[in-house]
Amino acid sequence: MPFFELRDTTPESLFGTLTKRLVAHGGNLMAVQVHIPAGAVAPAHQHPNEQITYVIGGRVSYRIEDETKELQAGDSTYVPGGSEHEVTAVEDTVVVDVFTPQREDFLPSS
């Protein structure tokens, strides 16, 4: 299926306080929209997937390994596979995370 509509997706909990929506996937690529409420944390974690995060709105403190930077709307970052990373929302934030290969744990169960 080449087209995906956000209205057809269901928000799912991520790390307890964040919500994610799978917005597109296919082949080796996946895009996920994530809402991070102010003060919420995506705790330190890692996965083998490469990841790009693009900030749609809001501000986050984003740590990759030993480097931390505050990102705002229009900013992005690249997380190499296997790198530990952590995100804290400075204010209500929406990001789009792109993964390759797809995160099997984010795919809908069939």
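**Entry 1: β6 and β9**

I started with Ser61 and looked up its bridge partner in β9, which turns out to be Thr88. A reminder to myself that this is a predicted model. Strand β6 covers residues 59-64 and strand β9 covers residues 85-89; I find five bridges between them, and the two run antiparallel.

**Entry 2: the open sheet**

Next I asked in which order the four strands of the open sheet come. I read the order as β4-β9-β6-β7, with antiparallel pairing. β4 and β7 (67-72) are at the edges with a single partner strand each, so one side of each has no neighbour in the sheet. From one strand to the next I get an average twist of 15°. A general note for the margin: strands of a sheet pair through backbone hydrogen bonds, and they do so either parallel or antiparallel.

**Entry 3: β5 and its partners**

Then I turned to β5. Seven bridges tie β5 to strand β10, residues 93-100, and this pairing is antiparallel. I noted Thr100 in β10 as the bridge partner of Glu50. Four bridges link β5 to strand β8, residues 76-79, again in antiparallel fashion. Here I found Tyr54 opposite Ser76 of β8.

**Entry 4: His47**

Where does His47 sit? I located His47 in the loop between β4 (41-45) and β5 (50-57). Is His47 buried or exposed? Its relative accessibility is 7%, and because buried means under 20%, His47 counts as buried.

I then checked the polar partners of the His47 side chain. One of its polar atoms lies 3.1 Å from the backbone oxygen of Asn49. The side chains of His47 and His85 share a polar contact of 3.4 Å. Setting aside neighbours within four places in sequence, I list the contacts of His47 as Gly81, Gly82, His85, Phe99 and Arg103.

**Entry 5: Phe99 and Phe106**

Phe99, on that contact list of His47, led me to the aromatic rings. How many aromatic pairs does the whole structure hold? My search finds one. Phe99 and Phe106 make up this pair, which is edge-to-face, with 5.7 Å centre to centre and 85° between the planes. Both Phe99 and Phe106 are buried.

Last, I looked for charges over the ring of Phe106. Arg103 lies over the face of Phe106, 4.1 Å from the ring centre. The charged end of Lys20 also sits over the Phe106 ring, at 4.5 Å from its centre. Arg103 has thus turned up twice in my notes, here over Phe106 and earlier in contact with His47.

How values were computed:
Residues are numbered from 1 along each chain as its sequence is written. This is a predicted model: local features need pLDDT of at least 70, side-chain atom pairs count only at pLDDT 80 or more; totals for chains, interfaces and linings use all residues. Side-chain values use heavy atoms; hydrogens and water are left out. Buried means under 20% relative accessible area, exposed over 50%, partly exposed in between (1.4 Å probe, protein chains only). A polar contact is a pair of N or O atoms within 3.5 Å; within protein, one must be able to donate a hydrogen and the other to accept it, and residues adjacent in sequence count only if both atoms are side-chain atoms. Contact means heavy atoms within 4.5 Å. Rings of Phe, Tyr and Trp (its six-membered ring) pair if their centres lie within 6.5 Å; planes under 30 degrees apart count as stacked, over 60 as edge-to-face and the rest as tilted. A charge sits over a ring if NZ of Lys or CZ of Arg is within 6 Å of the ring centre and within 35 degrees of the ring normal. Two strands pair if DSSP finds at least two bridges between them. Axes are lines fitted to C-alpha atoms, for helices over the stretch in contact, and angles run from 0 to 180 degrees between N-to-C directions.
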